[in-house]
Every structure is written in C-alpha cells, then in structure tokens.
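Q: Could you take me through the salt bridges of this model in some detail, with a close look at what each pair joins?

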Amino acid sequence: MSVYNPLLLRLLRVRSRAVLRLGRKVTTWSPVGAAFNAQAVRRPELFNKNVGLFGVPELSSTEGFEVVQKRALQETEQLVEKACSTPPGAVTVETFDKLSDSLCRVADLADFIKVAHPDPQYREAAEKTCINIGTTVEKLNTNVELCKSLKDLLDNKELMAKLDPETRRVAELFMFDFEISGIHLDKKQRKEAVNLNVQLLDLNNQFLMGCHMPNRIDKKALPKHIHQHFTNEGSYIQIGGLHADAPDDLVREIAYRIFLYPNEEMMGTLEELLSCRNKLAKLVGYESFAHRALKGTMAKNPDTVMNFLQLLTDKLKDRTEKDFEMMKDMKTKFNPRNPAVMPWDHPYLSGVIRAERFNIEPSLYSPYFSLGACMEGLNSLFTQLFGVSLLSEQPSAGEVWNEDVRKLAVVHETEGLMGYIYCDFFYRPDKPHQDCHFTIRGGRLLDDGQYQLPVVVLMLNLPSPTRSAPTLLTPAMMENLFHEMGHAMHSMLGRTRYQHVTGTRCATDFAEVPSILMEYFAADYRVINQFARHYQTGQPLPQSMVARLCESKKVCGAADTQLQIFYAILDQVYHGKPQSRSTTDILMDMQQKYYGLPYVPNTAWQLRFSHLIGYGAKYYSYLMSRAVASMVWRQCFHKDPLNRENGERYRREMLAHGGGKEPMLMVEGMLQKRPSTEDFVDALVSDLDPDFETFIMDSEG
C-alpha cells in the first residue's frame with residue numbers, strides 16, 4: 001500500500017494558495033477550496049490509459065462487470081472450502097471476512113453504479129451484477145456446512161475466550177446473518193425462508209418505485225390559476241410531490257390531497273410487504289419483525305423504542321401545543337376565514353415564522369457559503385480535531401463516472417493515507433435526488449500487515465459552478481454537506497480489523513451519530529468563522545447572522561420533533577404484532593395520538609413513506625442518534641469545538657470501531673456513563689431550550 005511521505009506532508013501543510021477569478025473580484029483559496037469552487041477541468045484523455053471505474057482496470061467497459069463478478073465468485077468458492085475444512089479458531093472469522101470482502105467489493109461498487117452512472121449500459125450491467133451477487137449471498141446464508149464451521153467456533157467456550165472482543169463480535173454478527181436467514185430450520189422451512197427473502201426483495205423494489213410515482217388528475221377538476229404550479233400532461237395535471245413550501249394555501253392542499261391519494265395496488269404491496277416481514281421474523285424465531293430488526297442496536301427491543309418515543313411525547317406536549325398555536329396565529333393573518341392548521345401547513349408556516357422572527361432569507365447567507373469555502377472549513381476542522389487533511393487529486397482517465405466528480409485523498413499527519421472520498425456533488429437529470437454516502441470498499445487489515453484503504457462516495461445535488469461564480473450553498477445545503485462528511489469521516493477514521501464492521505457498517509441507531517454531530521459543528525460560530533467568507537469581497541459572515549440562524553432552528557422545534565415521533569411510532573406499530581385493521585386505520589389512530597394535526601380523509605401518507613424499506617422498524621434511529629450527538633457535543637465540544645484532545649478521544653472511543661463494538665459501549669466510553677432513556681429524552685428537549693445556544697461571542701469582529 002502506498003503511504004504518503006512525511007516530508008511531503010509537511011510541505012503540504014504550508015498551504016500554497018490558488019487564485020480563482022470570479023467576475024471582477026479576486027479571491028484566494030487553498031488547493032481544496034479552489035478544486036471545488038472552479039469548474040472541473042479534465043486533462044485530455046486521448047493518450048491516457050483508461051484505469052477503469054474507481055481504478056478497477058476491468059471496469060473500463062461494461063463487460064468488465066462479468067469479469068470481476070466471475071473472479072469474486074471463484075474466490076468465494078475457494079474461501080467457502082477453506083472455512084469448511086479449517087479447524088475452528090480466529091482463522092475461521094478471518095476467512096468469513098475475506099469471503100464477505102470479496103463479494104462486497106463487487107456488490108457495493110455495482111450497487112452505486114446502478115443508480116449513479118449516466119450511461120444506461122453501465123447501470124444495466126451493474127444491476128445484473130447486484131442480482132447475481134445477491135443470489136450467491138442468499139445461498140451462502142443457507143449453506144449448512146458453512147454455518148457449522150462458524151457454530152463449531154462459537155460453541156467452543158475455550159476457543160472463544162482466546163479471541164479478542166472485536167473478533168468475537170464479528171463471529172456473532174456472521175452467525176446472526178445465518179440465523180435471520182433460517183439456517184437453524186429444517187429443509188422445508190429453510191426453503192420457505194429463502195422464498196420469503198426473494199419475495200421481499202421484489203416487494204421492496206415495487207414499494208420504492210411506487211413511493212416516488214406521481215399522481216395525476218384531470219385539468220378540469222382544478223382551478224385554472226393553479227395549473228402553472230404543476231406539470232401539465234395533455235389534459236391532465238401531474239403532481240409528483242407535496243409542494244410544502246408553496247405560499248398559496250390551495251396549492252399546498254391540492255398537492256397534499258392528490259399526491260397522497262390512495263393507490264389500491266400500492267396499498268396491497270405494503271400490506272403484503274409487512275405480512276412477509278412478519279412471517280419471516282416468526283419463522284426464524286422472533287416475536288415480530290421489529291424484534292428481529294432491533295437486535296444489536298442501542299435500543300435492543302421495541303419496548304425500549306416505544307418507551308423512548310412516549311416519554312419524549314410527554315415531555316414535549318406543552319411546547320408542541322404552543323408551536324401549533326403559533327402556526328394557527330400565523331395562518332389567521334394569511335387566511336382569517338380558514339385559520340385551522342392542516343398537515344399541509346406545518347412545513348410552510350414553521351418556515352414563515354422562522355423567517356419573520358429572525359430574517360434568515362437563504363440568499364443572504366449563500367454568498368458566504370461557497371462550496372470551496374465550506375470544503376476549506378471542513379478541511380480545517382478535521383485538521384484541528386484529528387490531524388487529518390483533505391487533499392484534492394486529479395482522477396485518472398476512466399476513474400470517475402462523470403467529469404465533475406472530485407476526488408479527495410484523506411491524509412493523517414503521522415499515519416499517512418487513510419482512504420479516498422469521491423465527491424459527486426453536482427446535479428444531473430438522471431441522478432438520484434438525495435444526499436447520501438456509499439461505501440465502495442471497506443477497510444480491513446490484510447494478511448501482510450498493510451491496511452485495505454476505505455473508499456466512499458458522497459452524493460449531493462448542488463448547482464454547478466459557472467465561469468463567473470462558484471457554487472453557493474444555502475444554510476441547509478451547508479448543513480447537509482457537513483452531515484454527509486460526518487459519514488465519510490466515520491468510514492475514513494475507522495480502523496477495524498474486519499471489513500464486515502468497517503465505518504458505517506454498524507447499528508442503524510448509532511450510524512447517524514457522527515453525521516448528526518457534524519451538524520452541531522456546522523452551527524457553531526467558532527467553526528463557521530474559520531471559513532464563511534463572502535465569495536466576492538472576502539468579508540466574514542457577521543456573527544449576528546449566525547446567532548439568528550441558530551436560534552431560528554428552535555422555532556417550532558417541538559412540533560417538528562413530534563412529527564418525527566409520529567413517523568417513528570407508525571413504523572414501530574407497522575412492524576409489531578399484526579393487527580386486524582388496514583395500514584390507513586393504523587395511521588389515523590397514531591396520527592390522532594402522536595401528532596396534533598388531523599388526518600385528511602382519502603389520503604394514505606404511508607404509501608409515500610419510503611423509509612419503511614431501508615429503515616423498517618428503525619426510523620426512531622434519527623431521534624436516538626440525535627440525542628447521543630447532543631450529549632457528545634455538550635460534554636466534549638460545546639466549550640471548545642476545536643479541541644484536539646477531545647477530537648482524538650472521539651475518534652478513539654466512537655469512530656475507530658465501526659460496528660466492531662457494541663454501540664452502547666462506545667457511547668458509554670465517550671460519555672463515561674451509560675445514558676438512560678430519560679437521558680436521551682432530556683438531551684433532545686434541552687436542544688430546544690432558548691438558553692441552550694451554540695456558542696456566540698460577546699462582540700462581533
């Protein structure tokens with residue numbers, strides 16, 4: 001493995017400055033800032049060798065997917081044979097991890113390419129690879145002989161006692177994968193488990209596709225003056241979203257009623273999906289799908305989750321009622337004849353109240369948040385906390401899937417190269433419209449003592465820079481950038497022995513902690529002041545504007561949190577004990593008990609709840625992760641967000657382990673106590689207190 005020369009690192013720290021001309025003004029940027037503020041300039045690739053996507057030579061063409069897939073399957077056969085013929089011990093876990101790595105290095109890469117590559121032929125080839133690798137994984141998870149080789153180790157207490165804690169945990173996690181696939185069942189039941197898993201894959205895809213499908217209505221059914229707000233399709237109006245930010249009440253209401261109008265086929269898909277999940281969970285020995293999904297998480301079981309959500313509801317009750325009263329007062333100003341607050345009003349009215357109270361128009365902030373400035377800020381923050389730098393590299397010919405993708409090397413001041421982050425930040429018409437983090441290759445310790453470097457992709461949907469101006473971010477975009485970089489650094493700074501637990505491959509309710517913690521840094525003036533400069537004048541963002549922005553986030557915060565509680569409880573009930581009522585009846589009941597705004601007849605919001613797929617029974621994770629992030633921030637970074645000692649401790653206690661350590665033990669190590677459910681709730685409630693502010697200096701300057 002290549003390692004950066006320490007002398008070169010010292011030279012790089014004496015940061016050379018690049019000059020970027022923007023209109024008539026001249027602003028200086030560091031190399032990483034310049035790389036993101038300028039339009040991408042690619043070297044002519046006519047005479048350069050195509051190194052293949054992510055430097056995988058075979059992927060210089062679509063045919064290469066078959067080659068890498070075939071090689072991975074051959075390696076798999078050899079490793080399965082080794083696992084089954086080797087006496088139990090640490091080598092058993094190492095072989096299982098190599099097996100997992102061999103398949104994941106192909107499957108994870110293909111999983112990304114199938115959604116992100118602009119060329120449909122690449123997407124199709126990647127999709128086929130995902131299906132083929134997925135089929136192999138299903139077979140392995142029901143391979144009795146392979147499972148027995150692991151069980152022989154787990155059943156031998158003497159051997160297990162000799163293993164280090166991470167190896168023991170990884171062995172148990174591999175066994176959990178076998179168990180949830182029904183390995184312990186008889187042949188007939190195992191076949192049923194496999195069939196249910198195959199059925200669920202299909203239902204998951206059907207539901208996800210349906211979630212995002214627009215609804216349409218005859219033009220004649222809608223007033224002419226609002227047609228312009230929607231997509232015209234012949235004699236129909238097509239509505240593909242909630243239009244939650246539309247100032248016109250009628251536009252929001254129509255969008256809500258039509259976009260959420262029940263679709264019988266989708267209703268059937270969801271009912272079948274939930275039924276299949278429950279059958280599978282019961283078949284492999286769990287009380288419900290929620291019990292199966294929550295094994296190994298911080299919460300551990302559905303009772304803890306429901307207790308957490310109920311206690312949080314009770315603590316927020318008075319504040320939530322006040323928030324909805326504020327919204328009602330605001331709506332009365334706009335529409336005195338119809339002042340009742342409805343579900344389509346919540347996002348819009350809370351935004352209006354924030355803007356009116358604190359004057360936080362995004363366009364006032366954007367000039368200070370050029371993408372290059374924000375990347376400089378992240379680079380500076382990581383250098384101060386962890387001794388890590390982000391270095392821009394020119395991708396080789398064929399290495400990236402689109403010319404505007406940037407490549408960053410993550411380099412530690414003493415440990416050298418830590419891994420690579422590919423930044424796919426700019427909008428493309430054929431690209432998923434969501435911000436997310438993809439693991440392309442997990443880190444692991446190799447046989448020769450070197451470390452397999454992690455590779456990740458961050459995907460955003462930002463406007464591209466122009467010849468006259470860089471990409472300018474709204475405060476929300478800046479926060480999202482920090483959030484996703486939190487995931488990336490979790491992947492980069494983890495140094496697990498096994499790739500099965502690398503970086504973000506950990507419990508869902510812990511995986512969001514590093515990313516949400518970054519949102520606290522993104523709201524702290526001492527951090528923002530290091531990078532937020534007007535892209536033309538170089539003037540710093542006034543401290544008063546940061547203060548207003550931070551305080552505005554607390555406005556209607558209780559109502560916003562209560563909405564998330566409602567979604568999380570709905571998710572828990574759907575995945576709990578089956579009920580003899582429809583998903584809509586359950587939604588109506590939960591909305592009445594846990595939201596505060598009325599159910600709208602003939603709507604089915606649950607059919608747009610796409611998180612039911614990736615976060616089934618785990619939607620609460622966002623709230624629990626935020627609670628942990630809040631506690632870590634208050635205890636370790638609130639006094640000094642740039643404290644190196646606490647940064648190193650945070651890496652050592654939380655980031656370094658990935659999923660190789662029980663999540664609550666990592667939290668306990670960081671906080672030096674095991675938090676209770678009440679602690680989680682108090683942390684979330686305290687974040688809404690006006691007297692808890694991100695640090696604001698006494699005077700500007």
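A: Happy to. A salt bridge here is a side-chain nitrogen of Lys or Arg within 4 Å of a carboxyl oxygen of Asp or Glu. This is a predicted model, in which local features need pLDDT of at least 70 and side-chain atom pairs count only at pLDDT 80 or more, while totals for chains, interfaces and linings use all residues. Residues are numbered from 1 along each chain as its sequence is written, and side-chain values use heavy atoms, with hydrogens and water left out.

The structure holds 42 salt bridges. One of them pairs the side chains of R123 and D430, at 3.9 Å from N to O. R123 sits in helix 5 (residues 120–141) and D430 in the loop between strand 8 and strand 9, so this contact ties together parts that are 307 residues apart in sequence. Helices (H or I, at least four residues) and strands (E, at least two) are DSSP runs, numbered from the N terminus. Both partners are partly exposed, a term for relative accessible area between the limits for buried (under 20%) and exposed (over 50%), using a 1.4 Å probe and protein chains only. The value is 24% for R123 and 34% for D430. The pair also belongs to a wider group: R123, D424, R428, D430 and K431 are linked in a network of salt bridges.

Next, consider E415 and R651, whose side chains meet at 2.9 Å, N to O. This pair, too, links distant parts of the chain: E415 lies in the loop between strand 7 (406–412) and strand 8, and R651 lies in helix 26 (residues 644–655), 236 residues apart. E415 is partly exposed, at 40% relative accessibility, whereas R651 is buried, with a relative accessible area of 9%.

For a pair within one helix, look at K148 and D152, which form a salt bridge of 3.1 Å, N to O. Both are in helix 6 (residues 144–154), 4 residues apart, or about one turn of the helix. K148 is partly exposed, with a relative accessible area of 49%, and D152 is partly exposed as well, at 33%.

As general background, side chains of opposite charge can pair when their charged atoms come close. To recap the places involved, R123–D430 joins helix 5 to the loop between strand 8 and strand 9, E415–R651 reaches from the loop between strand 7 and strand 8 to helix 26, and K148–D152 stays inside helix 6.
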